[in-house]
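Visitor: I'd like a close look at one part of this model, strand by strand and ring by ring. Could you walk me through the sheet and whatever packs around it?

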Amino acid sequence: IKSTMKLTKILAVALCFAAVATSCRQEIDTPTPEGKKISVSAQMYNFTRATDTAFEEGDKVGLHIVTPTTTWLDNALYTYTAGKLVGEQTNLWYTDEEVEADVLAYYPYNANAAYNASGYTFTVNADQSSAALYTASDFMLATTNSKPTASAVQLPFRHVLSKVVVKINNQLGEDIANV
């Protein structure tokens, strides 16, 4: 009988401990992501880039998504990896699937670029003597519209500087050997 009472006390203490532990347990809400994952796909037109046909492994692109009321995504970094553009982090669409946004992407990526409705300042390298310097000056832009979607948004990249006219003002009166 003594051992039964001892066992009963042990069970009672264990049950009390379990009840206290359960009542003190804090519920942790794991936030669920809102919206669908933003996925983009690059298509290149006006084949004027250094490779003439496509982005190269490791090329970096900036992405902006702007709704009529807000800049939803501002200069998100996407890198061309294994044949597709991959975000540096997971970016999600807003949840209102009826609102259409302007989707703008540009190459080469500039970490300091922010969305500006009045335009984007881009400076061409004065030194174009190497492929790396030339490529860094090969400004490309893609613009389209999209509502939140699970499908990849097609980005039609075009070479913005394809019709640049360089006018040389030769004030020295010397022959120009090269530009």
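**A strand and its surroundings**

Guide: Let's start with a pairing: strand β2, residues 60–66, and β5 run antiparallel and are joined by five bridges. Bear in mind that this is a predicted model. One register point to pick out is Ile-65, whose bridge partner in β5 is Val-103.

β5 itself covers residues 101–107, and it is mostly covered, with five of its seven residues buried. It also pairs with strand β6 (residues 140–146), again in the antiparallel sense, this time over seven bridges. If you want a marker there, take Leu-104, which has Thr-143 in β6 as its bridge partner. So β5 has pairing partners in both β2 and β6, because each of those strand pairs is linked by at least two bridges.

Now back to β2. Six of its seven residues are buried, so the strand is largely enclosed by the rest of the structure. Besides β5, β2 has an antiparallel link to β3, made by six bridges. Here Gly-62 stands opposite Leu-77 in β3. The connection from β2 to β3 is a hairpin that runs through four residues.

While we're on β3, have a look at Thr-79, which is found in that strand. Thr-79 has a relative accessible area of 16%, so it counts as buried, the cut-off being under 20%. Leaving out residues up to four places away in sequence, Thr-79 touches Gly-58, Asp-59, Lys-60, Lys-84, Leu-85 and Val-86.

Next, the nonpolar packing. The largest nonpolar core has 23 residues, and those touching the most other members are Ile-38, Val-40, Leu-63, Ile-65, Leu-155 and Phe-157. At least two residues of this core come from each of β1 (40–44), β2, β3 (71–81), β5, β6 and β7 (153–159).

Ile-65 deserves a second visit, since we met it above as the bridge partner of Val-103. Setting aside neighbours within four places in sequence, Ile-65 is in contact with Ile-38, Thr-70, Thr-71, Trp-72, Leu-73, Trp-93, Tyr-94, Ala-101, Asp-102 and Val-103. Ile-38 on that list is another of the core residues that touch the most other members.

Finally, the rings. The count comes to 10 aromatic pairs. One of them is Tyr-106 with Tyr-120, a tilted pair at 5.2 Å centre to centre and 40 degrees between the planes. Tyr-106 sits in β5 while Tyr-120 is in the loop between β5 and α2 (131–136), so this pair ties together parts 14 residues apart in sequence. How buried or exposed are the two rings' residues? Tyr-106 is buried, at a relative accessible area of 3%, whereas Tyr-120 counts as partly exposed at 33%.

Tyr-120 also pairs with Phe-139, and that pair is stacked: the centres are 5.4 Å apart, with 10 degrees between the planes. Phe-139 lies in the loop between α2 and β6 and Tyr-120 in the one between β5 and α2, so this contact ties together parts that are 19 residues apart in sequence. With 7% relative accessibility, Phe-139 counts as buried.

Put those rings into their wider group and you get one aromatic cluster, made up of Tyr-106, Tyr-109, Tyr-120, Phe-122 and Phe-139. That brings us back to β5, where Tyr-106 lies, and to its seven bridges with β6.

How values were computed. Residues numbered from 1 in each chain as written. Predicted model: local features only at pLDDT ≥ 70, side-chain atom pairs only at ≥ 80, totals over all residues. Heavy atoms only, no water. Buried < 20%, exposed > 50% of the residue type's maximum accessible area, 1.4 Å probe, protein only. Core = buried A, V, L, I, M, F, W, Y, C linked by side-chain atoms within 4.5 Å. Contact = heavy atoms within 4.5 Å. Phe/Tyr/Trp six-rings, centres within 6.5 Å; stacked < 30°, edge-to-face > 60°.
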